[in-house]
Amino acid sequence: MKRSAVALGLSLALLTGCSYASVGAGEQAVVVDGYWMIPTDPVVKGCIAPENSQNEITNHVYRYPARQISWDATGDPGSERGPYVVVSNAKAPADMNVPVVVTFDLTTDCEKLKQFHRDFGTKYNGWLNDDGTVSDGWVELLNYVIGQPLQDTLNGVAQKYTWQQIWNDEEARIEFRNALLESLPSASRARTDGVDFFTNFQVTVLKPTPVNPELKAAIEREQAAIQNAQATQAQGVAEANAKKAKAEADLAAAVAETKVAEQEALKRAAEVKGYPSVEDYLRAEAIKQGLNPYQPTYVVPQGG
C-alpha cells in the first residue's frame with residue numbers, strides 16, 4: 001500500500017506544472033535525456049526555440065543565448081571583466097588599460113548547438129542559469145573562446161606604440177579595433193575545433209588609460225603648463241597688439257592735427273596776401289576784434 005502511494009505521488013508530480021519547460025525571448029535550449037527511473041546514458045535529444053514551451057518532465061533543459069552576446073571588458077557594473085592590460089613598446093614602456101566590448105552571435109542551428117553543448121557547454125558548465133542570467137560557467141567558456149585570443153591580439157598591437165600613443169593617438173585605437181575584427185573569428189573557430197559556433201563579431205575599443213595614475217597626472221600637469229604658457233604668450237601678444245594699435249592711433253591723430261594746422265596756416269597765408277603788408281593784415285585783424293591799432297602819438301616839446 002505504501003509503495004502504491006509513493007508511486008501515485010510520483011506520477012502526480014510528473015503531471016504537475018513542472019512538466020513544461022518554457023524558453024523565453026532571447027533564449028534557446030538544448031534538451032538532454034534525463035529519465036531517472038530507468039538510468040541510461042545521457043543523450044542530447046533536441047532543441048527548444050525561443051518563446052516556446054514543451055513537455056520535458058523527464059529531461060534536462062540547458063539554456064543558451066539566442067540574441068546578441070556581449071563580452072564586456074570595461075569594468076563597468078554588469079561587465080564580464082575589467083579592461084585588458086597591455087604593455088607599450090620599449091621606447092616608452094608602461095602598463096595600459098584597454099577597455100573593449102565585443103558583440104557576437106551563437107549559432108541557432110539545432111545540430112550545431114547540440115554539438116556545442118556536447119563539446120564545450122558540458123566542459124565548462126557553460127550555459128545560462130534557469131532564470132536566463134549569465135552563469136560563471138558561461139563566462140569561463142567565453143573567456144576561453146573569446147577573451148584569451150582578444151588579449152593576445154591586443155598585446156601584439158601594443159608593441160607597435162608608446163604608451164603616450166596608445167593613450168592619445170586615435171590611430172592606435174583604430175588598429176586595436178581592426179586587428180580584433182580580423183583575428184577573433186578565426187581565433188574563436190580554432191578554439192572550437194574549427195566550427196563557427198560564434199559569428200557576426202563587432203568590436204568597440206574605448207579610450208585606453210595608463211594603469212599608473214601618476215603617469216596620467218604627470219601628463220595632465222605638463223599639458224596644463226603648456227596651456228598656461230600659451231595663454232600667457234597669447235596675452236602678451238594681445239597686449240603688444242593693443243600698444244601698437246594705440247601708437248598707430250596716436251600717430252594718426254598727430255598727423256591729422258598737423259594737417260589741420262597746415263591748412264590753417266595756408267588759409268592764414270592766403271588771407272595775409274590780400275593786404276599790402278603783414279602789418280596791414282594785423283591792423284585789420286585788430287580792428288575786427290574791436291581793438292585800436294592806431295595808438296596816439298605824443299610829441300614832447302623840446303626846450304629852446
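1. Two strands count as paired here if DSSP finds at least two bridges between them. With that in mind, have a look at the small matter of β8 and β11 in this predicted model. Strand β8 (residues 95-98) pairs with β11 in the antiparallel sense, over 2 bridges. Met96 is the residue that stands opposite Pro210 in β11.

2. Where does that pair belong? β7, β8 and β11 make up an open sheet of 3 strands, in the order β7-β8-β11, with antiparallel pairing. β7 (84-87) and β11 (209-210) are the edge strands, each pairing on one side only. Helix α3 packs on the sheet, where it touches β7 and β8. The direction of α3 makes about 30 degrees with that of β7.

3. On to the charges. Side chains of opposite charge can pair when their charged atoms come close. How many salt bridges does a search of the whole structure find? The search turns up 5, and three of them are worth a walk-through below.

4. Take Glu175 and Lys160, whose closest N and O atoms are 2.5 Å apart in a salt bridge. Glu175 sits in helix α5 (residues 170-191), while Lys160 is in the loop between α3 (136-158) and α4 (163-168), so this pair ties together parts that are 15 residues apart in sequence. Is Lys160 buried or exposed? Lys160 counts as exposed, at 53% relative accessibility, because the cut-off for exposed is over 50%.

5. Arg173 and Glu170 form another salt bridge, with 2.8 Å between the closest N and O atoms. Both are in helix α5, 3 residues apart, so about one helical turn separates them. Each partner is partly exposed: Arg173 has a relative accessible area of 27% and Glu170 one of 41%.

6. Then there is Asp196 with Arg189, a salt bridge whose closest N and O atoms are 2.9 Å apart. Asp196 counts as partly exposed at 32% relative accessibility, and Arg189 is also partly exposed, with a relative accessible area of 29%.

7. A word on confidence before you read much into any of this. The protein has a mean pLDDT of 83, and 81% of its residues reach 70 or more. Which elements mark the two ends of the scale? Helix α1 (residues 2-14) has the lowest mean pLDDT, 44, and strand β9 (residues 100-106) the highest, 98. Over residues 1-18 pLDDT stays under 50, and for that stretch the model has 5 contacts beyond four places in sequence.

Methods
Residues are numbered from 1 along each chain as its sequence is written. This is a predicted model: local features need pLDDT of at least 70, side-chain atom pairs count only at pLDDT 80 or more; totals for chains, interfaces and linings use all residues. Side-chain values use heavy atoms; hydrogens and water are left out. A salt bridge is a side-chain nitrogen of Lys or Arg within 4 Å of a carboxyl oxygen of Asp or Glu. Helices (H or I, at least four residues) and strands (E, at least two) are DSSP runs, numbered from the N terminus. Buried means under 20% relative accessible area, exposed over 50%, partly exposed in between (1.4 Å probe, protein chains only). pLDDT is the predictor's confidence in each residue, from 0 to 100. Contact means heavy atoms within 4.5 Å. Axes are lines fitted to C-alpha atoms, for helices over the stretch in contact, and angles run from 0 to 180 degrees between N-to-C directions.
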